[in-house]
Amino acid sequence: MSIKLLPLEISARIAAGEVVERPVSVVKELIENSLDAKATKIKISLSNGGIDSIEISDNGVGVPYDEAGLVFERFATSKIEHIDDLDHISSLGFRGEAVFSIAAISRVELITKTHESDIGTHLIVQDGEFLSQSPIAANTGTIFKVIGLFNNFPARRKFLGSALAESRRILSLIKKYSIIRPNVSFEYHQLNSRSFVTSGSGDIRDVMVEIYGRDIANDMLILDKSEFEEIYPGTIVEGIVSNPTQNKSNRSHINLFVNERLIQSKSLSYSFEQAYHGFIAERKFPFGMLNISIPFDDVDVNVHPAKTEVLFHKENLIFSLIQKSIRNTLLEKMPVLDVTFDNNDLYMTD
């Protein structure tokens with residue numbers, strides 16, 4: 001076969017396959033857009049587990065009429081401007097691929113309005129093809145409606161789970177973001193019923209009450225901001241964690257964030273677990289949330305289109321800091337063991 005450029009239809013679906021794995025991927029990208037837009041209220045509604053439709057509305061800053069069409073262009077973004085910006089990314093989104101990818105494999109309707117505008121903008125894109133843009137009455141903020149996900153991509157659609165399984169993934173994700181952003185009110189609807197709501201009070205314990213119930217939430221331990229200027233300048237570890245009497249049967253309730261970005265890291269999850277060594281029974285797992293605030297140029301978030309994998313300049317040191325932060329809190333608030341630290345490692349003494 002001769003070498004040739006792929007048609008846009010094919011290349012768009014290849015790109016979409018990296019960004020959008022299932023309905024929860026769409027929800028993640030759109031929630032991150034809402035948070036970047038400084039929204040304080042985010043509402044998520046699903047039909048058939050998000051397979052038939054996903055609607056996410058927010059009260060963020062919105063998009064001006066003359067820029068709204070660019071939302072659907074690949075590599076169009078307001079998050080970065082110069083190549084040097086890639087070394088210190090502070091926003092959750094930045095690649096300019098998410099909405100382009102979503103629109104390539106579904107029908108997307110966008111309604112958006114800025115505070116400065118008297119009228120909103122309504123755009124419709126179907127399978128990557130721009131259909132219309134028109135003025136519409138709207139409140140300040142943005143509404144994204146995604147209809148018929150993967151209808152034109154049956155090879156991917158057949159790998160989706162049941163509506164119940166997909167909706168559970170989405171609810172789990174929403175809970176994670178509600179923990180790291182307790183100042184944002186999240187409202188989740190499935191089958192026209194309100195399934196999960198947070199107040200946006202700013203109190204992380206209020207969010208934990210909604211997720212785990214009042215008794216468990218009240219007994220969880222707040223990690224005071226642990227600063228490590230001498231060991232790792234500019235790095236702060238904070239969060240909320242289970243006490244040793246509380247545990248789960250798996251590690252899925254360990255939530256890790258870096259600069260308020262949700263990440264996946266087997267190494268750092270293991271560090272979280274190991275901080276409880278000697279405090280809880282084997283094959284039982286702690287739970288909670290940690291946010292590591294770290295200098296932006298010490299972490300590379302431009303690793304994968306999904307943006308959940310990151311690279312650290314000093315991962316071993318962060319591993320140690322997580323253990324120390326949790327372990328110090330456990331010893332201070334629930335003293336059980338005698339523990340000694342040095343600057344790099346945590347170890348127990350007899």
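Helices, of at least four residues, and strands, of at least two, are DSSP runs numbered from the N terminus. With that convention, the chain before us holds nine helices and 17 strands. Please keep in mind that this is a predicted model.

Let me begin with the chain as a whole. Of its 350 residues, 48% are buried. If we take contacts between residues at least 6 apart in sequence, 65% of them join residues at least 24 apart.

I turn now to the aromatic rings. A pair of aromatic rings is described by the distance of the centres and the angle of the planes. How many aromatic pairs does a search of the whole structure find? The search finds three, and I shall discuss two of them.

One is the pair of Y212 and F287. Their ring centres are 5.0 Å apart and their planes stand at 45 degrees, so this pair is tilted; the tilted class lies between the limits of 30 and 60 degrees. Where do the two residues sit? Y212 belongs to helix α6, residues 204-212, while F287 is in the loop between α8 (266-274) and β13 (288-293). The pair therefore ties together parts that are 75 residues apart in sequence. Both count as buried because their relative accessible areas, 13% for Y212 and 1% for F287, are under 20%. F287 has a further neighbour: K248 lies over the face of its ring, 5.2 Å from the ring centre.

Another pair is F272 with Y276. Here the centres are 6.1 Å apart, the planes differ by 10 degrees, and the pair is stacked. F272 and Y276 are both buried.

F272 brings us to helix α8, where the buried residues are L268, S269, S271, F272 and E273. What covers them? The cover includes the strands β10 (236-241), β11 (254-258), β12 (261-263), β13 and β15 (311-312), together with helix α9 (315-333).

Finally, let us return to α6, the helix that carries Y212, and consider its packing against α5. The axis of α5, residues 163-180, comes within 8 Å of the axis of α6, and the two cross at roughly 160 degrees. An angle over 145 degrees counts as roughly antiparallel, and α5 and α6 are therefore roughly antiparallel to each other. Which residues meet at this contact? From α5 come K175, S178 and I179; from α6 come I204, V207, M208 and I211. By character, these residues divide into five nonpolar, one polar and one charged. As a general point, an α-helix has 3.6 residues a turn, so residues three or four places apart point the same way.

Note on methods:
Residues numbered from 1 in each chain as written. Predicted model: local features only at pLDDT ≥ 70, side-chain atom pairs only at ≥ 80, totals over all residues. Heavy atoms only, no water. Phe/Tyr/Trp six-rings, centres within 6.5 Å; stacked < 30°, edge-to-face > 60°. Buried < 20%, exposed > 50% of the residue type's maximum accessible area, 1.4 Å probe, protein only. Lys NZ or Arg CZ within 6 Å of the ring centre and 35° of its normal. Contact = heavy atoms within 4.5 Å. Axes fitted to C-alpha atoms, helices over the stretch in contact; angles between N-to-C directions. Parallel < 35°, antiparallel > 145°, perpendicular 65-115°, else oblique. Nonpolar A, V, L, I, M, F, W, Y, C, P; charged D, E, K, R; others polar.
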